[in-house]
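The following exercises practise reading a protein structure step by step. Please attempt each task before turning to its solution.

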Amino acid sequence: MIDQRLLPAREVIRTYRDYTGVAQAIRTMVIRGAPAIGVAAAMGVALGIRGVSGSRAQRRFELVARTLKATRPTAVNLAWAVARMRRVLDENPALDAAALFRRMRSEALAIYHEDLAANRALGKYGAELIESNPVTILTHCNAGALATAGYGTALGVVRAAREAGKQVSVIADETRPFLQGSRLTAWELRKDRIPVTVIADNMAGTVLRAGRVDCVIVGTDRTAANGDVANKIGTYPLAVMAARHNVPFYVAAPLSSIDLDCGRGDDIPIEERAGTELTEFAGQQIAARGVKTFNPAFDVTPAELVTAIITERGVARPPYGKSLAELNNRA
Ligand code: MRU
């Protein structure tokens, strides 16, 4: 894994050989982004059951699954990937340890490759939605190659639009407090030579009001069956401002991020992270010592503020209860 905590200053690759290392990497944000932590968790499960089979593998799986699922609660991709690995284990009770490990490893790699393919497919659907040329897209957090198996969801749409010949530029919210926008989104786009302008989160209203944004595109950690969207904290106020200024607000969501078992956004568990993310920066105290903090990592944008949800099987429009279920059932 590329250690995302150190970007953009340093590119350091870390290797994990056991599931506890993978769990620690997810918890501490070495790797982050819903699809990426799903892929990492699947690989963690494969590492976790290495060397065991039969009932020992079942028992080990319970421990590994519990440990990985406890790392970060909001992104459904993580639980989804672990459930998929469980099915493979359940379907192969007779395999010896070596064969079981090979089977589990190939399932984890399939999840990785499928995510990449899903991003490319949804990128194409998203690019078709974009009418203007040149086009300026406002995004929040990092829903790019770093957050996925590669290519990205929201940034997948950006990449696909450029591949389709559009002149695309991006405005990236810096995304307090972890700075996924300024550190990661800006880094990725610079590498791809896609023009990007970083703004502080509280400047989004100004650029929207000035007519400088053609559409907003964000990713999602979990989208409920009714189309309510959990994504990085700060997404909801962005959606409110986009609606205020009649700017389309799109969500790029692979089906692995859509939780049809979760009826509405209020049922999505929202992770709260340490207050030190707010009170300290690079080891420096930046808030009054001892002050109380509130640090939810995600917020929920009600479906009524979402113009469309872009998936690898096509674009869902309101009412999402119907359109998301239809896309899910489409072969
Ligand atoms: O806390 P993070 O950095 O894991 O949060 C990531 C996001 O909110 C992304 O927008 C989301 O996972 C979609 S990534 C394709």
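Is D267 buried, partly exposed or exposed, judged by its relative accessible area? D267 is partly exposed, with a relative accessible area of 44%. Here buried means under 20% relative accessible area, exposed means over 50%, and partly exposed lies in between (1.4 Å probe, protein chains only).

The model is predicted: local features need pLDDT of at least 70, side-chain atom pairs count only at pLDDT 80 or more, and totals for chains, interfaces and linings use all residues. Residues are numbered from 1 along each chain as its sequence is written, and side-chain values use heavy atoms, with hydrogens and water left out.

**Exercise 1. Salt bridges**

Task: Find the salt-bridge partner of D267, and then examine the pairs E271 with R72 and R159 with E188.

Solution.

Step 1. Side chains of opposite charge can pair when their charged atoms come close. A salt bridge is defined as a side-chain nitrogen of Lys or Arg within 4 Å of a carboxyl oxygen of Asp or Glu. A search of the whole structure finds 16 salt bridges.

Step 2. D267 meets R264 in a salt bridge, with 3.7 Å from N to O. R264 is partly exposed, at 42% relative accessibility.

Step 3. E271 and R72 also form a salt bridge, and their closest N and O atoms are 2.9 Å apart. E271 lies in the loop between β8 (258–259) and α10 (276–279) and R72 in the loop between α3 and α4, so this pair ties together parts that are 199 residues apart in sequence. The helices (H or I, at least four residues) and strands (E, at least two) are DSSP runs, numbered from the N terminus. E271 is buried at a relative accessible area of 7%, and R72 is buried at 6%. A network of salt bridges links R72, E271, R273 and E277.

Step 4. In the salt bridge of R159 with E188, the N to O distance is 3.0 Å. R159 belongs to helix α6 and E188 to helix α7 (residues 180–191), so the pair ties together parts that are 29 residues apart in sequence. Both R159 and E188 are buried.

**Exercise 2. The nonpolar core**

Task: Determine which helices supply the largest nonpolar core, and list the contacts of F61.

Solution.

Step 1. A nonpolar core is a set of buried Ala, Val, Leu, Ile, Met, Phe, Trp, Tyr and Cys residues joined through side-chain atoms within 4.5 Å. The largest one has 33 residues, of which I26, V45, F61, L68, V82, M85 and M104 touch the most other members.

Step 2. At least two residues of this core come from each of α1 (19–27), α2 (34–48), α3 (54–69), α4 (76–91) and α5 (97–129). Helix α2 gives the largest share, 9 residues.

Step 3. If neighbours within four places in sequence are left aside, F61 is in contact (heavy atoms within 4.5 Å) with V45, I49, V82, M85, R86 and L89.

Step 4. Another core, of 27 residues, lies apart from this one; V216, L238, A242 and V247 are among its members.

**Exercise 3. The ligand**

Task: Describe the surroundings of the ligand and state how much of its area the protein buries.

Solution.

Step 1. There are 19 residues around the ligand, each with a heavy atom within 4 Å of it. Those that come nearest are R32, R72, D221, N231 and K232.

Step 2. Next, consider oxygen atoms of the ligand. A backbone N or O atom of G33 lies 2.9 Å from one, and a backbone N or O atom of A34 lies 2.8 Å from one. In Q180, an N or O atom of the side chain is 2.8 Å from a ligand oxygen.

Step 3. Taken alone, the ligand exposes 410 Å², and the protein buries 99% of that (Shrake-Rupley method, 1.4 Å probe).

**Exercise 4. Unusual backbone geometry**

Task: Locate the cis peptide bonds at P134 and P319 and the positive phi values at C141 and A282.

Solution.

Step 1. The bond from N133 to P134 is cis, with omega near 0°. P134 sits in the loop between α5 and β1 (135–139).

Step 2. P318 and P319 are likewise joined by a cis peptide bond, with omega about 0°. The loop between β13 (314–316) and α11 (320–329) holds P319.

Step 3. C141, a residue other than glycine, has a positive phi near 65°. C141 is in the loop between β1 and α6 (154–163) and is buried, at 8% relative accessible area.

Step 4. A282 has a positive phi near 45° and occupies the loop between β9 (280–281) and β10 (284–285). A282 is exposed, with a relative accessible area of 75%.

Key
Polar contact = N/O pair within 3.5 Å; in protein donor to acceptor, adjacent residues only side chain to side chain.
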